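Biologist: I would like a close look at a single part of this model, namely the way its pieces pack against one another. Please take me through it slowly, in one connected answer.

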Amino acid sequence: MDPSEQYSRAAVAASAVVIRDYSTSFSLAARLMPRRVRHHITSIYGLVRVADEIVDGACPTDPRAHLDALEEAVERATDEGFSANLVVHAFAQTARETGFGTELTRPFFASMRADLTPAPHTPDSLAAYIHGSAEVVGLMCLRAYLVGVAPSDYDRLAPDALRLGAAFQKVNFLRDLTDDELRLGRAYLPELTQQAFDVALDDAAADLAAGRAGIARLPGDVQRGVRAAADLYGELLRRLRAAGLDGARSGRIRVPTAAKAAVIVRALSPAR
């Protein structure tokens, strides 16, 4: 095997370990993707998770410097085609092969930096944060879905990817209320009452419905993986609504493993 090919395979395997350890939902969804796409989705989410962990407390000293270094490493690897950091290398290979660059990575890192100095959001700053932290990740994945199949469909399908990415992030805000506020000192949403919580749930549900509608327009071989991820978030949204604000504040709402399996089986159903 060519040394560069072997190195790239090892890099993707390293990213797979990262997402398997941190997110069973995305790890499951990635494994449902066709082989032509699976390694790209794994590489994208591996890098996203490393950046998340830098700003969420895994880095004991100067997280800003480490985040800056990570962004610099990503841009250099995307230009040169190599990084000694396996997760960065895998991500850069995906960026080069699928055709995205700083137009998506720089907004992402800007949102990650915003987490280092938490401050109350305005509607505009929150929209910018959601775009950088989630919507651009949806666009990265869309590039991967279409590479070698229908790259010219990107502009037509991008609005659906944006809505799905926004939905995932808005659900995360509601799921992680306690951890964000108490441990990390972040308040992505205004002071919540039960009514405001319900409005936020409705907003996330509207984005999720719009993003789901676009799944049928994706290449057929990726639809089940995307649908599984959307359905897992739909189940989480249902559980948040059932728990209410007090339940969400009492602890992180989760989808148990057995329920995740049932959701995935439904997503794979031929009738879907």
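Modeller: An angle between two axes that is over 145 degrees counts as roughly antiparallel, and this cut-off is needed for the pair that comes at the start. Please keep in mind throughout that the model is predicted. In general, two packed helices are described by the angle between their axes and the distance between the axes.

The axes of helix α4, residues 63-80, and helix α6, residues 102-114, cross at roughly 175° and come within 11 Å. α4 and α6 are therefore roughly antiparallel to each other. On the α4 side the contact involves R64, L67, D68, L70, E71, V74 and E75, and these meet T102, T105, R106, F109, M112 and R113 of α6. Sorted by class, the residues of this contact are 5 nonpolar, 2 polar and 6 charged.

One residue of α4 deserves a closer look here, and that is E71. Is E71 buried or exposed? With a relative accessibility of 11%, E71 counts as buried. When residues up to four places away in sequence are left out, E71 touches T105, R106, F109 and R113, and these four are also among the α6 residues that take part in the contact with α4.

Just before α4 comes the loop that joins α3 to α4, and D62 is found there. The phi of D62 is near 50°, which is a positive value in a residue other than glycine. As a general background, most residues other than glycine have a negative phi.

From that loop we can step back to helix α3, residues 35-58, which packs with helix α1, residues 3-22, at an angle of about 60°, the two axes being 8 Å apart. α1 and α3 are therefore oblique to each other, and α1 passes α3 in a left-handed crossing. The residues that make the contact are V12, S15, A16, V18, I19 and Y22 on α1, together with H39, T42, S43, Y45, G46, R49 and E53 on α3. By class they divide into 6 nonpolar, 5 polar and 2 charged.

α3 also packs with helix α5, residues 86-98, at an angle of about 130°, again with axes 8 Å apart. α3 and α5 are therefore oblique to each other, and their crossing is left-handed. Here α3 contributes H39, H40, S43, I44, G46, L47 and V50, while α5 contributes V87, V88, A90, F91, T94, E97 and T98. The classes in this contact are 7 nonpolar, 6 polar and 1 charged. If you compare the two lists for α3, you will find H39, S43 and G46 both in the contact with α1 and in the contact with α5.

Returning to α1, we meet A13 within that helix, and A13 is partly exposed, with a relative accessible area of 41%. A13 lies 14 residues from S27 in sequence and 12 Å from S27 in space, C-alpha to C-alpha. S27 belongs to helix α2, residues 24-31, where S25, F26, S27, A29 and A30 are buried. What covers the buried residues of α2? The cover includes α1 and α3, which you already know, and also α8 (154-175), α11 (223-250) and α12 (257-268).

In α11 we can look at G244, which is buried, with a relative accessible area of 10%. Apart from neighbours within four places in sequence, G244 is in contact with Q194 and F197. G244 and L201 are 43 residues apart along the chain, yet their C-alpha atoms are separated by 9.9 Å.

F197 brings us to the largest nonpolar core, which has 78 residues. Those that touch the most other members are I41, L47, F108, L142, Y145, F197 and L240. L47, you may recall, is also one of the α3 residues in contact with α5. Helix α7, residues 123-146, supplies the largest share of this core, with 12 residues. Leaving out residues up to four places away in sequence, L240 touches V171, L174, R175, F197, L201, A248 and I253.

L174 appears once more in the surroundings of L189, which lies in the loop between α9 (177-183) and α10 (194-213). Apart from neighbours within four places in sequence, L189 is in contact with L126, F173 and L174.

Notes. Residues numbered from 1 in each chain as written. Predicted model: local features only at pLDDT ≥ 70, side-chain atom pairs only at ≥ 80, totals over all residues. Heavy atoms only, no water. Axes fitted to C-alpha atoms, helices over the stretch in contact; angles between N-to-C directions. Parallel < 35°, antiparallel > 145°, perpendicular 65-115°, else oblique. Left-handed = near helix turned anticlockwise from the far one by under 90°. Contact = heavy atoms within 4.5 Å. Nonpolar A, V, L, I, M, F, W, Y, C, P; charged D, E, K, R; others polar. Buried < 20%, exposed > 50% of the residue type's maximum accessible area, 1.4 Å probe, protein only. Core = buried A, V, L, I, M, F, W, Y, C linked by side-chain atoms within 4.5 Å.
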